[in-house]
Amino acid sequence: MKELRRRPLRLASVGLLGLALLSGATALSAAASAAPKKTLGVVIYASTDPFSRDVGTGAAAVAKAAGWQVDTLDAMNDLPTMTSDIEALVSRKVTAIVVTTVPSTTIVGALAQAKAANIPVISEDGGLARGIAAAEANVNPQSSGALIRYMFGNMHGTGSLLALTYTPGAPCLQRDNQLFAGLKKYPKIHMTRYELPGTDVPQAGQTAATAFLESHQAGSGNIAVWGCYDDPSIGALAAAKAMSRTDVQFYGYNGSPAALQAIKTKTFTATVYFDPIAVGHTVFSLVQKVLKAGRSWKPQSVSGPYILVTQKNITSFLAAHPGALSS
């Protein structure tokens with residue numbers, strides 16, 4: 001009889017334990033669902049700039065796939081607005097902030113507020129500054145040097161080169177310096193350098209190329225035009241077409257639709273393409289690394305992904321990036 005009495009008591013105890021465990025699991029589940037998601041703040045310097053906009057889109061997409069919320073703001077090409085947007089995200093207590101294209105040294109006030117709030121800020125192509133946890137750099141020795149080395153190889157170390165540059169711009173200055181350094185190895189390449197204005201760049205490239213080609217006739221050796229980005233070289237290509245010159249090589253950076261289309265028709269030699277979506281993914285991976293490292297993280301600049309596009313790989317490139325001609 002004692003044994004019979006014990007069984008229901010033991011069953012009752014198990015039942016109470018089960019209810020307790022169920023109640024505890026329900027509470028944990030409720031607490032987990034009530035816990036706020038991580039939020040990524042994205043400040044796009046100018047949504048009218050397709051590259052800047054697409055970088056933000058790429059970072060937002062991969063963040064959402066990781067279960068984050070995303071708060072995207074458009075600074076509308078205005079530095080004071082950029083500053084106030086960062087400050088607004090700080091006040092909203094986001095987990096991390098991504099800023100696109102703006103030089104980091106121009107937003108140090110807002111960066112100080114983010115740093116004080118322990119919110120890491122990741123820069124896309126703005127460089128390191130106090131308050132920037134990490135910077136993704138599309139303009140770097142690897143991407144700049146790939147095109148320059150390709151050009152020197154095509155010129156076989158000899159010939160005439162028109163360099164179209166804009167030294168007030170940080171990307172152009174970096175590429176220009178690398179071109180100068182590379183030329184030291186090729187004393188038989190004679191360079192004519194042209195400083196571009198801040199506006200009407202394609203027209204300036206066309207004007208400079210017209211004068212250059214008039215003094216370098218076809219058959220006078222290897223002739224090339226290098227632009228610190230695509231626009232001036234596209235202008236130079238227009239000059240060559242107007243003069244019925246087909247003996248000139250053309251190089252640029254950024255993988256603009258005009259340059260890619262010209263490579264496709266074999267009238268432009270090469271450009272460096274930066275996939276904005278891939279750049280956005282790289283930026284968010286930096287966010288995750290910074291948060292994981294915590295206090296042990298040291299600010300650093302990381303080279304961004306790039307593709308050297310030439311007449312040899314243009315077909316496979318466009319198959320992999322069908323939107324590049326219209327972006």
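Rings of Phe, Tyr and Trp, the last represented by its six-membered ring, are taken as a pair if their centres lie within 6.5 Å. By that rule, a search of the whole structure, which is a predicted model, finds five aromatic pairs. Two of them are taken up below, after the overall fold has been laid out.

The protein chain holds 11 helices and 12 strands, and buried residues make up 43% of its 327 residues. Of the contacts in the chain with a separation of 6 or more, 72% are accounted for by residues 24 or more positions apart.

One open sheet consists of six strands in the order β2-β1-β3-β4-β5-β11, with parallel pairing. Its edges are formed by β2 (69–74) and β11 (300–303), each of which has a single partner strand, so one side of each is left without a neighbour in the sheet. On average, and with direction ignored, neighbouring strands of this sheet are turned by 20 degrees against each other. Within the sheet, strand β4 (residues 121–124) runs parallel to strand β5 (residues 132–137) and is joined to it by four bridges, with Ile122 standing opposite Ala134 in β5.

Another open sheet of six strands follows the order β7-β6-β8-β9-β10-β12, and here the pairing is mixed. At its edges stand β7 (189–195) and β12 (307–310), and because each has a single partner strand, one side of each lacks a neighbour in the sheet. The average turn between neighbouring strands of this sheet, direction ignored, is 20 degrees. Strands β9 and β10 run parallel and are joined by four bridges, and Tyr253 stands opposite Val272 in β10. Helix α5 (residues 141–155) packs on this sheet, touching β6 (159–165), β7, β8, β9, β10 and β12, and its direction makes about 175 degrees with that of β9. Helix α6 packs on the sheet as well, touching β6, β7, β8 and β9, with its direction at about 160 degrees to that of β7.

The structure holds one disulfide, which joins Cys172 to Cys228 with an S to S distance of 2.1 Å. The link is right-handed, with 65 degrees about the S-S bond. Since Cys172 lies in helix α6 (residues 170–183) and Cys228 in the loop between β8 (223–227) and α8 (230–242), the pair ties together parts that are 56 residues apart in sequence. Cys172 is buried, with a relative accessible area of 6%, and Cys228, at 0% relative accessibility, counts as buried too. In a separate contact, the charged end of Arg175 sits over the ring of Tyr253, 4.3 Å from the ring centre.

Among the five aromatic pairs is that of Phe250 and Phe268, which is stacked, with 6.3 Å centre to centre and 20 degrees between the planes. This pair links distant parts of the chain, as Phe250 belongs to strand β9 (residues 248–254) and Phe268 to the loop between α9 (257–264) and β10 (270–273), 18 residues apart. Both Phe250 and Phe268 are buried. The rings of Tyr273 and Phe317, by contrast, have their planes at 75 degrees and their centres 4.9 Å apart, so this pair is edge-to-face. Because Tyr273 lies in strand β10 and Phe317 in helix α11 (residues 314–320), the pair ties together parts that are 44 residues apart in sequence. Tyr273 counts as buried at 6% relative accessibility, and Phe317 counts as buried at 4%.

Definitions and conventions
Residues are numbered from 1 along each chain as its sequence is written. This is a predicted model: local features need pLDDT of at least 70, side-chain atom pairs count only at pLDDT 80 or more; totals for chains, interfaces and linings use all residues. Side-chain values use heavy atoms; hydrogens and water are left out. A disulfide is a pair of cysteine sulfur atoms within 2.5 Å. Helices (H or I, at least four residues) and strands (E, at least two) are DSSP runs, numbered from the N terminus. Buried means under 20% relative accessible area, exposed over 50%, partly exposed in between (1.4 Å probe, protein chains only). Rings of Phe, Tyr and Trp (its six-membered ring) pair if their centres lie within 6.5 Å; planes under 30 degrees apart count as stacked, over 60 as edge-to-face and the rest as tilted. A charge sits over a ring if NZ of Lys or CZ of Arg is within 6 Å of the ring centre and within 35 degrees of the ring normal. Two strands pair if DSSP finds at least two bridges between them. Axes are lines fitted to C-alpha atoms, for helices over the stretch in contact, and angles run from 0 to 180 degrees between N-to-C directions. Contact means heavy atoms within 4.5 Å.
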